[in-house]
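Colleague: I'm new to this structure and would love a close look at one part of it. Could you walk me through the largest pocket and the strands around that topic?

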Amino acid sequence: MTNEQKVYDFRQVGDGAKTAKTDLFYREEIQLALRNRGMPLEGLRYDITPTGMHYLLIHFDVPFVPSADVDSGGWNLEIGGRVGRRLTLDMAEISALPSVRMPVTMECAGNGRALMEPRAISQPWLLEAIGTAEWTGTPLRPILERAGIDDDAAEILFTGIDEGIQGGELQYYQRSLTVEQAMRDEVMLAYGMNGQPLQPQHGYPLRLIVPGWYGMTSVKWLTRIEAIAEPFDGYQQMRTYRYAQTADDVGEPVDLIRVRSAMIPPGVPDFLTRTRLAQRGTQTVRGRAWAGRLDISRVEFSDDDGISWVDAELGPRIGDFAWRSWSVEWDAKPGERVLRVRATDENGCVQPLEQPWNYQGMGNNMAQRVETLVE
């Protein structure tokens with residue numbers, strides 16, 4: 001089929017964004033999907049996601065930062081803006097600061113976007129934009145205190161060196177936090193992932209980690225931190241990562257991760273459709289559940305598309321900002337089954353069975369659905 005023959009069923013949704021009212025995926029989406037990888041759901045077996053399985057989203061290009069520059073002090077992190085003392089730190093100085101290792105579950109804000117209808121034309125995530133890594137780095141708060149944040153500073157702006165065009169704007173990837181948010185004890189500058197130096201695609205040599213928030217906040221290839229007097233109004237803050245409800249709606253900002261769970265699909269898959277084939281009889285279904293800063297209070301499992309539910313057994317949480325395991329004994333009876341799993345966080349928020357729609361496809365935490373044929 002030629003480009004002229006394609007039928008693009010697009011709707012404008014404001015700011016140049018589009019949605020599709022079809023199950024067909026377009027060339028641009030495939031191009032994004034080939035650059036950005038998701039975690040296969042069988043990766044939920046691991047407490048700590050192997051680095052090669054952890055989900056990955058790269059907005060523009062992976063910047064080239066020569067290790068020789070980093071080792072020789074030719075690379076620096078600048079801290080400036082409304083501070084009493086400007087700082088320039090090389091990696092040797094950052095590595096010499098007190099270090100921490102912290103398991104953190106990170107999820108893309110667009111996870112599940114491709115399951116919405118109509119879907120936003122962007123990275124077409126299904127359920128795989130998730131991973132839990134053990135990050136090594138140093139807390140951000142002591143560095144900000146050393147610089148001395150001015151009383152009139154409203155936010156802390158983080159800038160990476162990855163550059164590109166989005167929404168018609170040439171930009172570096174930038175995000176901000178309020179001073180209070182940036183000063184939380186768990187916020188860190190990370191230079192290691194799963195016991196190894198950061199890989200180039202994960203932000204080498206230095207990235208921000210903001211536990212509990214969706215992944216867009218954890219700026220990679222970090223090069224500059226600035227205290228600013230006014231709220232940041234850049235593209236990645238004000239024109240995307242928003243819960244917009246209409247074309248003209250600015251929407252509420254995306255921030256903390258919503259409660260979610262996922263199962264390791266039982267049985268074996270059909271190669272193309274991924275429909276599962278499972279044996280009859282009792283078997284254990286396992287998975288993980290997470291809710292950002294919050295703990296999980298309950299996980300429920302259903303094999304009749306959410307008509308009836310049974311409680312799963314919860315395993316330990318591996319960290320204050322990491323997922324916890326769950327398992328359930330499933331009596332698999334022959335026939336076509338639709339398996340679902342939903343979690344409840346400690347505040348009583350429950351995953352929905354149907355997802356409220358938004359223009360950018362953000363914050364989808366709809367209960368997972370797995371079509372299974374039991375022999």
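Modeller: Happy to; here is the pocket, followed by the strands that help to place it. Please keep in mind that this is a predicted model. The largest pocket holds about 1,600 Å³ of space. Its lining is made up of 44 residues, and those nearest the centre are Leu115, Leu126, Leu127, Glu128 and Thr273. Two elements each give two or more residues to this lining: helix 1, which covers 27–35, and strand 25, which covers 368–374. Of these, strand 25 gives the most, with four residues. Sorted by class, the lining has 21 nonpolar residues, nine polar ones and 14 charged ones.

Since strand 25 has come up, let's follow it into its sheet. Six strands form this open sheet, in the order 17-18-25-24-20-21, with mixed pairing. At the edges are strand 17 (268–269) and strand 21 (310–311), each of which pairs on one side only. Strand 25 runs antiparallel to strand 24 (residues 335–345), and seven bridges link the two. You can look for Val341, which stands opposite Gln368 of strand 25.

One more pair of strands is worth finding while you have the model open. Strand 22 (residues 313–317) and strand 23 (residues 324–332) are antiparallel and are joined by three bridges. In one of the pairings, Glu313 has Ser327 in strand 23 as its bridge partner. A hairpin of six residues connects strand 22 to strand 23.

Terms used: Residues are numbered from 1 along each chain as its sequence is written. This is a predicted model: local features need pLDDT of at least 70, side-chain atom pairs count only at pLDDT 80 or more; totals for chains, interfaces and linings use all residues. Side-chain values use heavy atoms; hydrogens and water are left out. On a 1 Å grid over the protein atoms alone, a cavity is a set of points where a 1.4 Å probe fits but cannot get out, and a pocket is an open set with protein on both sides within 12 Å along at least five of seven lines; lining residues have an atom within 4 Å of a point. Grid points are joined across faces, edges and corners, and a volume is the space filled by probe spheres set on the points. Ala, Val, Leu, Ile, Met, Phe, Trp, Tyr, Cys and Pro count as nonpolar, Asp, Glu, Lys and Arg as charged, and the others, Gly among them, as polar. Two strands pair if DSSP finds at least two bridges between them.
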